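The exercises below ask you to read helix packing, burial, backbone geometry and a chain contact from a two-chain model. Each task is followed by a solution that goes step by step.

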Amino acid sequence: MPELTYREAVRDALGKALRDDESVFIMGEDIAEMGGSMAVTQGLLDEFGPGRVRNTPISEMAIVGSGIGAAIQGMRPIVEIMYEDFLTISMEQLVNQAAKHRTMSGGQVSVPLTIRTQGGAGWSPGAQHAQQVEAWFVHVPGLKVVFASTPEDVRGLLWSAIYDDNPVVFFEHRTLYPIKGEVPEELEPIPLGKARIHREGGDVTVVATGRLVHEALEAAEMAEGEGISVEVVDPRTLLPLDEETIVGSVRKTTRCVTAHEAVTRGGFGAELTAVIQHGAFDWLDAPIERVGAKFAPLPFAPGMEQWAVPHADDVLDAIRRTVART
Amino acid sequence: MTTVEERTGPGGRGVSEEVLRGFFREMLLIRRFEEKVEDRFRAGELPGFLHVAIGQEASATGTCAALTREDVIASTHRAHGHAIAKGTPVERIMAELYGKLEGCSHGYGGSMHLYDLEVGNLGANAVVGGGLPGIVGAALAFQMRGEKRVAVAFLGDGATNTGTFHESMNLAQLWKVPAVFALENNGWAESTPASQQLPLPVEELGKRALAYGMKLIEADGQDVEAVYLAMLAARDYAVSGKGPVLLHLRTHRLTGHYVGDPQVYRDKKALEEERETKDPVRLLGARLDIGDDEFAAIDAEVTAEVEAAVEFAKAGTDPAPEDALKYVYA
């Protein structure tokens with residue numbers, strides 16, 4: 001199987017969709033000549049031209065909103081919001097318009113729009129270029145929310161997002177762009193709403209998203225050395241959520257840790273915890289542990305930043321705590 | 001697509017009397033519809049809350065008459081007139097206000113979310129300025145596919161102070177998409193007068209187009225013929241590929257912001273005067289010299305249409321409560 005970086009995998013899905021389908025176009029800030037602030041869209045302008053690879057003004061409301069209008073008229077736009085922090089500016093269009101048109105119209109309208117964005121700590125950008133806001137959108141009926149953690153997943157899930165007839169907020173993680181992974185020769189769509197079990201284990205389940213999937217896998221290795229068998233599950237799609245796989249895993253292991261980079265309070269782990277305690281109450285042998293960032297805007301100084309966000313050792317500590325409960 | 005000249009005769013002026021009489025009938029239909037809506041709301045039959053556009057009928061009729069069925073509009077919270085003028089039958093709009101399945105949004109939308117995709121109504125929007133970026137995107141789709149269609153966003157003067165207005169005007173002009181921003185300037189943002197929300201004199205609000213290098217076309221919003229001709233010109237300009245247009249229509253809201261608004265903020269004498277001198281239905285009736293008998297005949301016809309719409313709506317089907325989840329996802 002060929003190997004791609006996470007960045008190349010995103011680009012591969014975009015390129016294939018643009019190549020296959022005239023209704024697909026991409027737009028966002030600096031995505032054309034510059035190839036995007038994360039270099040994801042490099043080369044696409046040359047292949048598809050400025051009509052379908054469109055630089056936009058710094059206008060997040062208009063970027064998302066015009067994507068909505070084009071989608072309703074039968075296009076499949078993919079818009080890029082440079083940093084997920086800037087989703088805040090387009091929030092009204094996402095929450096009041098994209099998510100609601102279908103219901104408000106009594107089913108007449110569909111909005112096949114993909115909103116790609118990225119974020120994540122680990123490079124000292126300060127508080128306005130790295131937060132993780134995926135949980136906000138899980139609260140909005142009408143949206144779908146994806147957070148992919150590997151090259152194979154990001155390619156297959158992005159394809160499904162583009163061809164979903166609903167607005168999909170698609171989160172990528174900045175520090176994952178350079179990671180490499182095997183991908184199928186031909187792009188294989190990965191259905192939205194299907195979790196992935198990265199590693200099987202019998203003692204505790206870690207449900208992790210984004211960068212924390214990799215931290216959880218590292219923690220699982222370390223735990224194995226201590227005689228603890230860890231199962232690692234990545235929901236991949238946060239909305240809709242594959243409750244069956246997640247609850248099934250916890251019923252098997254009887255213990256659970258949730259892990260994400262976003263702040264713990266009100267984070268996606270809170271929703272996971274609620275779903276799991278309801279679905280696996282009689283199986284649980286310990287309280288569900290939550291791992292996330294500490295409750296502060298992300299500070300700049302590297303020492304503070306690294307302390308604020310979770311790493312493999314934080315996941316390992318949580319695994320130990322939950323296993324220690326008798 | 002015909003040009004303005006071809007549709008209006010030599011010189012581009014002079015809409016035929018027959019066409020104007022058609023406008024008169026539709027404007028009176030909108031007026032009677034909205035009066036009935038006020039009446040049924042006060043009677044407690046209509047859930048939610050409502051905004052009528054009494055006084056702004058010429059704007060709805062004149063603009064939509066200049067559009068084709070393939071052209072699309074996005075409306076505002078003051079949407080009944082636009083929906084009627086774009087071609088949705090009044091009984092389906094009334095049924096929507098009663099929350100019935102037969103409604104134009106099947107009971108999911110209500111007064112502020114009237115949709116009818118078949119006639120190109122992309123929906124009324126209850127967030128001021130919320131529908132504007134979507135219209136830029138619709139126009140972009142038309143442009144990318146080479147379709148000779150125009151996308152029209154209705155907005156009020158209040159919306160010109162929102163961020164979406166400025167982002168949408170900027171992007172539309174940058175990409176020269178076939179969009180028309182139909183600005184119905186009634187001088188009120190809910191209860192706040194122009195003097196407290198606009199840094200320009202209310203009559204000069206069209207100047208905002210100049211900041212974007214956008215084509216500005218202006219017309220008296222109480223004169224349906226002027227509105228119609230202005231919209232024809234705006235449409236021709238936009239679909240010819242020259243770019244979007246800000247269509248500035250100075251109009252008058254002859255009622256409150258919402259049905260039941262006591263308008264404590266408004267000078268009663270000035271309002272009375274506006275009702276006397278700015279009523280677009282009355283102005284057109286006088287111009288067409290429509291006498292009492294003829295008026296009574298047209299009035300009886302449109303009133304009967306509205307009454308039938310109420311009967312249709314009342315006999316409609318209530319959606320099953322659990323159908324609330326039916327259209328969350330495609």
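**Exercise 1.** Work out how α1(A) and α7(A) cross, and which residues make the contact.

*Solution.* The axes of α1(A) and α7(A) come within 8 Å and cross at roughly 30 degrees, where axes are lines fitted to C-alpha atoms, for helices over the stretch in contact, and angles run from 0 to 180 degrees between N-to-C directions. That makes α1(A) roughly parallel to α7(A), since angles under 35 degrees count as roughly parallel, over 145 as roughly antiparallel, 65 to 115 as roughly perpendicular and the rest as oblique. The crossing of α1(A) and α7(A) is right-handed; a crossing is right-handed if the near helix is turned clockwise from the far one by less than a right angle, and left-handed if anticlockwise.

Next, list the residues. From α1(A) come Y6(A), A9(A), V10(A), D12(A), A13(A) and A17(A), and from α7(A) come P151(A), V154(A), R155(A), L158(A), W159(A) and I162(A), two residues being in contact if their C-beta atoms, placed from the backbone, lie within 7 Å. By class, this contact of α1(A) with α7(A) has 10 nonpolar, no polar and 2 charged residues; Ala, Val, Leu, Ile, Met, Phe, Trp, Tyr, Cys and Pro count as nonpolar, Asp, Glu, Lys and Arg as charged, and the others, Gly among them, as polar.

The model is predicted: local features need pLDDT of at least 70, side-chain atom pairs count only at pLDDT 80 or more, and totals for chains, interfaces and linings use all residues. Residues are numbered from 1 along each chain as its sequence is written, while chains are lettered from A and ligands numbered from 1 in the order in which they are written.

**Exercise 2.** Compare the expected and actual spans of α1(A) and α4(A), and find what covers the buried residues of α4(A).

*Solution.* Helices (H or I, at least four residues) and strands (E, at least two) are DSSP runs, numbered from the N terminus, and the expected span of a helix is 1.5 Å times one less than its number of residues. For the 15 residues of α1(A), residues 6-20, this gives 21 Å, and the end C-alpha atoms are 21 Å apart, which agrees. For the 12 residues of α4(A), residues 87-98, a straight helix would span 16 Å, yet the end C-alpha atoms of α4(A) span only 13 Å.

Turning to burial, L87(A), S90(A), E92(A), Q93(A), L94(A), Q97(A) and A98(A) of α4(A) are buried, a residue being buried if 20 or more other C-beta atoms lie within 10 Å of its own, exposed if 12 or fewer, and partly exposed in between, with C-beta atoms placed from the backbone. The cover over these residues of α4(A) includes α3, β4, α5 and β5 of chain A together with α6 of chain B.

**Exercise 3.** Which residues that are not glycine have a positive phi, and where is the cis peptide bond?

*Solution.* S124(A) has a positive phi of about 55 degrees although it is not a glycine, and S124(A) is found in the loop between β5 and α6 of chain A. With 16 other C-beta atoms within 10 Å, S124(A) is partly exposed. T254(A), likewise not a glycine, has a positive phi of about 70 degrees and lies in the loop between α9 and β13 of chain A. T254(A) is partly exposed, with 17 other C-beta atoms within 10 Å. The cis peptide bond joins L239(A) and P240(A), with omega about 0 degrees, and P240(A) is found in the loop between β12 and α9 of chain A.

**Exercise 4.** Describe the side of chain B that touches chain A, and then the packing of α6(B) with α7(B).

*Solution.* In the contact, 33 residues of chain B meet 34 residues of chain A. On the chain B side, β2, α6 and α7 each supply at least two residues, and the largest share, 9 residues, comes from α6(B). That side of chain B has 18 nonpolar, 13 polar and 2 charged residues.

Within chain B, the axes of α6(B) and α7(B) come within 8 Å and cross at roughly 15 degrees, which makes α6(B) roughly parallel to α7(B). The crossing of α6(B) and α7(B) is left-handed.
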